[in-house]
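Please open the model in a viewer and keep the selection panel at hand. The tour below proceeds by selections, each followed by a description of what is found there.

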Amino acid sequence: MKKKIVFSGIQPTGLLTIGNYIGALSQWKKLQKKYFCIYCIADLHALTIYQKENVLNKNILDTLSVCLASGIDPKKNIIFIQSHVSQHTQLNWILNCFTNFGVLKRMTQFKKKIHLNKNINAGLFSYPILMAADILLYQTYKVPVGKDQIQHIELVRDIAYRFNKTYGKKIFTIPKKKLHENYGSCIMSLLSPMTKMSKSDDNKNNIITLFDSDLTIRKKIQHAVTDSDNPPNIKFDLKNKPGISNLLIILSNITEISIQKLEYYFYKKNYHDLKEFIIFNLCFFLKKFRKKFFLYRKNETLLKSIIINGAQKAEKYAKSTLKKVHNIIGLNIK
Ligand code: TRP
């Protein structure tokens, strides 16, 4: 039987955190077992923030290497750069005309971004429509995303549904969102575990990047917020023990030991024991990860052949969908 399609994207911006790894990449890797996976490095989405030429170039290759080091297999699946497949921007325009202005205006991400940004460009506003083009071009069945993207996926479903209904034909598959199974979409910041760990956080003690040294990891985990329960209690309870729960989620995802087993193991132990165990495992994990990362990153010939090949494979799918769209709209005069 033909495998169903999974599609997702990641922006090539800045240093990725352990939150990005757990929330997105580790999940991307797992999905390869069951689905045919198409993953894109969303460089066009990154343009909503001003990018310097050589920085964007470097970030794209860094992000690609991070994906490969995380275990994305370009032989069995597809990994490509969004701007290399021109059908994304072509479908984007058409979908603009099937997107309700009012609905777009209500996107919470957009509302947040216009508060934070000085450069309020139209790209920030129409950003989810490009996501719709990304997803719909591939007849995607499932989209692994973090919580912050749920509303965008709802919008994509709405656009696909509206388009199909207008023409009375199933041109697009209506995609479903896929959230992380092991609380991975809520890796929280170390010092304030009620807010999300974010690579753009100004306080770098809140985040662990994939490139932090062992010493830095040790310092950051040692300072991570726990609680003052007496006696100490290593128990998963997101509401009442957000710090400890966050540490358990990180540990569970890195070691692939279930949270329940970890609770059992740390029964009657103290927070220092938990932190030492996390430090050991994180350092071990990241050392292995970085070794793989640098092997790929050094080999630009290999990276380039992977993305050329990826774009060629992706284009076949994208072309076929775009053709159907052109035909049904009446853009295809022969
Ligand atoms: N907008 C997503 C983000 O910032 C990245 C992205 C681009 C994406 N295209 C996508 C995610 C398609 C899922 C599907 O995280």
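Leaving aside its neighbours within four places in sequence, with which residues is I306 in contact? Before selecting anything, note that the model is predicted.

**First stop: I306**

Select I306, which belongs to helix α13. Beyond the four places in sequence on either side, the contacts of I306 are L68, P74 and I79. I306 counts as buried because its relative accessible area is 11%, under the 20% cut-off. Now add I78 to the selection: 228 residues separate I306 and I78 along the chain, yet their C-alpha atoms are 9.0 Å apart.

**Second stop: helix α4**

Select residues 87-96, which form helix α4. Which residues of this helix are buried? They are Q87, H88, L91, N92, I94 and L95. To see what covers them, display β1, β3 (78-81), α7, α8 (150-167) and α13 (300-329), all of which are included in that cover. Helix α13, visited a moment ago for I306, thus reappears here as part of the cover over α4.

**Third stop: the ligand**

Select the ligand together with its surrounding shell of 13 residues, and highlight Q11, H45, Y127, D134 and Q149, which come nearest. Colouring the shell by class gives 7 nonpolar, 5 polar and 1 charged residues.

Next, display the polar side-chain atoms facing the ligand. In Q11, a side-chain N or O atom is 3.0 Å from an oxygen atom of the ligand. In Y127, the corresponding separation between a side-chain N or O atom and a ligand oxygen is 2.8 Å. For D134, the partner is a ligand nitrogen atom, with a polar side-chain atom of D134 at 2.7 Å. The ligand taken alone would expose 370 Å², and the protein buries 89% of this area.

Which secondary-structure element gives the most to the shell? Helix α7 does, with 4 residues. Both β1 (5-10) and α7 (122-136) supply at least two residues each. These two elements are also among those covering the buried residues of α4.

**Fourth stop: D212**

Move to D212, in the loop that runs between β5 (176-178) and α9 (214-223). Is D212 buried or exposed? D212 is buried, because its relative accessible area of 10% falls under 20%. Display its contacts outside the four places in sequence on either side: I207, I217, K220 and R290. A polar atom of the D212 side chain also lies 3.0 Å from the backbone nitrogen of T209. For a sense of distance, select E154 as well: E154 and D212 are 58 residues apart along the chain, and their C-alpha atoms are separated by 36 Å.

**Last stop: the whole chain**

Clear the selection and show the chain as a cartoon. Its secondary structure amounts to 13 helices and 5 strands. The radius of gyration is 21 Å, close to the 20 Å given by the globule rule for 334 residues, so the chain is as compact as a globular protein of that length. Along the principal axes, the C-alpha trace spans about 75 × 45 × 45 Å.

Finally, turn on the surface. The accessible surface of the chain is about 17,300 Å², with 57% belonging to carbon and sulfur atoms. Of the 334 residues, 49% are buried. Where contacts join residues at least 6 apart in sequence, 75% of them link residues at least 24 apart.

Key
Residues are numbered from 1 along each chain as its sequence is written. This is a predicted model: local features need pLDDT of at least 70, side-chain atom pairs count only at pLDDT 80 or more; totals for chains, interfaces and linings use all residues. Side-chain values use heavy atoms; hydrogens and water are left out. A residue is near a molecule or strand if one of its heavy atoms lies within 4 Å of it. A polar contact is a pair of N or O atoms within 3.5 Å; within protein, one must be able to donate a hydrogen and the other to accept it, and residues adjacent in sequence count only if both atoms are side-chain atoms. Accessible areas come from the Shrake-Rupley method with a 1.4 Å probe; for residues, only the protein chains shown count as cover. Ala, Val, Leu, Ile, Met, Phe, Trp, Tyr, Cys and Pro count as nonpolar, Asp, Glu, Lys and Arg as charged, and the others, Gly among them, as polar. The radius of gyration is taken over C-alpha atoms; the globule rule is 2.2 Å times the number of residues to the power 0.38. Buried means under 20% relative accessible area, exposed over 50%, partly exposed in between (1.4 Å probe, protein chains only). Contact means heavy atoms within 4.5 Å.
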